[in-house]
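Me: I'd like a close look at the side chains in this model and who they meet, with the backbone oddities around them. Please keep it to one connected answer, and start with whatever cut-off you need.

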Amino acid sequence: MSNIKIRGIINEFLKSDTQKNALDFIGYLDANEMTAGGEHGAVSYKGKCVCYMYIDGSEEKPGPWTIWTEGDYSGEHDDVPMDGRMKEIAWANVNICGSCGGKCSPGSRKVIFGKEFDNVCNAVMAFYVPDAAALECVKKIFEIKKREILKGL
């Protein structure tokens with residue numbers, strides 16, 4: 001699915017500020033050569049998954065719009081520094097395992113930007129209906145993921 005199709009889904013299911021934030025976010029993905037809408041809602045860069053995104057417009061989680069990140073965020077990333085505000089946003093969105101029966105149940109102990117958390121899901125952070133500030137944090141996390149992908153190529 002191309003980013004054009006994702007725009008159609010956003011316009012169909014999301015409203016007001018949530019719709020605006022989502023469309024702005026898709027603009028960011030376009031500008032950074034990322035494609036949304038892969039298997040299970042994957043967002044990819046150079047063919048590698050950066051995160052997962054779900055949009056359905058419902059009132060129940062994970063709707064109406066959620067972005068899940070995976071990866072190791074235990075240490076500092078000198079090339080993409082996270083200031084205190086960005087770390088606070090990341091920590092507020094740590095995804096605690098809900099014992100859904102997935103591979104991570106009941107979650108594990110993880111360090112995220114220098115702070116320890118228990119029972120963290122494989123999808124380390126879950127940004128439910130992210131506002132503009134949360135999306136800035138997601139973009140910083142994407143910068144980390146992009147650099148990891150480029151180092152691995």
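Reply: A residue counts as exposed when its relative accessible area is over 50%, as buried when it is under 20%, and as partly exposed in between. Bear in mind that this is a predicted model.

Let's start with Glu33. Its relative accessibility is 58%, so Glu33 falls on the exposed side of that cut-off. You'll find it in the loop between H2 and E1. Its backbone is a bit odd too: phi of Glu33 is near 55 degrees, which is positive even though the residue isn't a glycine. For background, most residues other than glycine have a negative phi, and most peptide bonds are trans.

What does the side chain of Glu33 do? It makes a salt bridge with Lys46, where the closest N and O atoms are 4.0 Å apart. That bridge spans distant parts of the chain, since Lys46 belongs to the loop between strand E2 (42–45) and E3 while Glu33 belongs to the loop between helix H2 (16–31) and strand E1 (34–36), 13 residues away. Lys46, at 43% relative accessibility, is partly exposed.

There are seven salt bridges in the structure, and two others share Arg109. One has Arg109 meeting Glu116 at 2.4 Å, N to O. The other brings Asp118 and Arg109 together at 2.1 Å, again N to O. Shared partners make one salt-bridge network out of Arg109, Glu116 and Asp118. As for how open these residues are, Arg109 is exposed at 54%, Glu116 is partly exposed at 47%, and Asp118 is partly exposed at 44%.

The number after Asp118 is worth a stop as well. Asn119 isn't a glycine, yet its phi is positive at about 60 degrees. Asn119 sits in strand E7, and its 38% relative accessibility makes it partly exposed.

Now for the peptide bonds. Lys61 and Pro62 are joined by a cis peptide bond with omega of about 10 degrees, and Pro62 has its place in the loop between E3 and E4. Gly63 and Pro64 are joined by a cis peptide bond too, with omega of about -5 degrees, and Pro64 lies in the loop between E3 and E4.

Lys61 also has a ring to look at: its charged end sits over the ring of Tyr128, 4.3 Å from the centre. Lys146 does something similar with Tyr45, its charged end sitting over that ring at 5.2 Å from the centre.

On to ring against ring. A pair of aromatic rings is described by the distance of the centres and the angle of the planes. The structure has six aromatic pairs. In one of them, Tyr54 and Trp68 have ring centres 6.4 Å apart and planes at 55 degrees, so this pair is tilted. It links distant parts of the chain, with Tyr54 in strand E3 (residues 48–55) and Trp68 in strand E4 (residues 65–69), 14 residues apart. Tyr54 is partly exposed at 34% relative accessibility, whereas Trp68 is buried at 19%.

Tyr73 and Phe113 make another tilted pair, because their planes are at 45 degrees, with the centres 5.8 Å apart. Tyr73 is in the loop between E4 and helix H3 (84–92), and Phe113 is in the loop between strand E6 (108–112) and strand E7 (115–128), so the pair ties together parts that are 40 residues apart in sequence. Both rings belong to buried residues: Tyr73 is at 1% relative accessibility and Phe113 is at 2%. Elsewhere, Phe25, Tyr28, Trp65 and Phe142 come together as one aromatic cluster.

Which side chains bring H3 and H4 into contact? Arg85, Met86, Ile89 and Ala90 of H3 meet Ala133, Ala134, Glu136, Cys137 and Lys140 of H4. H3 and helix H4 (residues 132–152) pack at an angle of about 100 degrees, and their axes are 9 Å apart. Angles of 65 to 115 degrees count as roughly perpendicular, and H3 and H4 are therefore roughly perpendicular to each other.

Conventions
Residues are numbered from 1 along each chain as its sequence is written. This is a predicted model: local features need pLDDT of at least 70, side-chain atom pairs count only at pLDDT 80 or more; totals for chains, interfaces and linings use all residues. Side-chain values use heavy atoms; hydrogens and water are left out. Rings of Phe, Tyr and Trp (its six-membered ring) pair if their centres lie within 6.5 Å; planes under 30 degrees apart count as stacked, over 60 as edge-to-face and the rest as tilted. Helices (H or I, at least four residues) and strands (E, at least two) are DSSP runs, numbered from the N terminus. Buried means under 20% relative accessible area, exposed over 50%, partly exposed in between (1.4 Å probe, protein chains only). A charge sits over a ring if NZ of Lys or CZ of Arg is within 6 Å of the ring centre and within 35 degrees of the ring normal. Axes are lines fitted to C-alpha atoms, for helices over the stretch in contact, and angles run from 0 to 180 degrees between N-to-C directions. Angles under 35 degrees count as roughly parallel, over 145 as roughly antiparallel, 65 to 115 as roughly perpendicular and the rest as oblique. Contact means heavy atoms within 4.5 Å.
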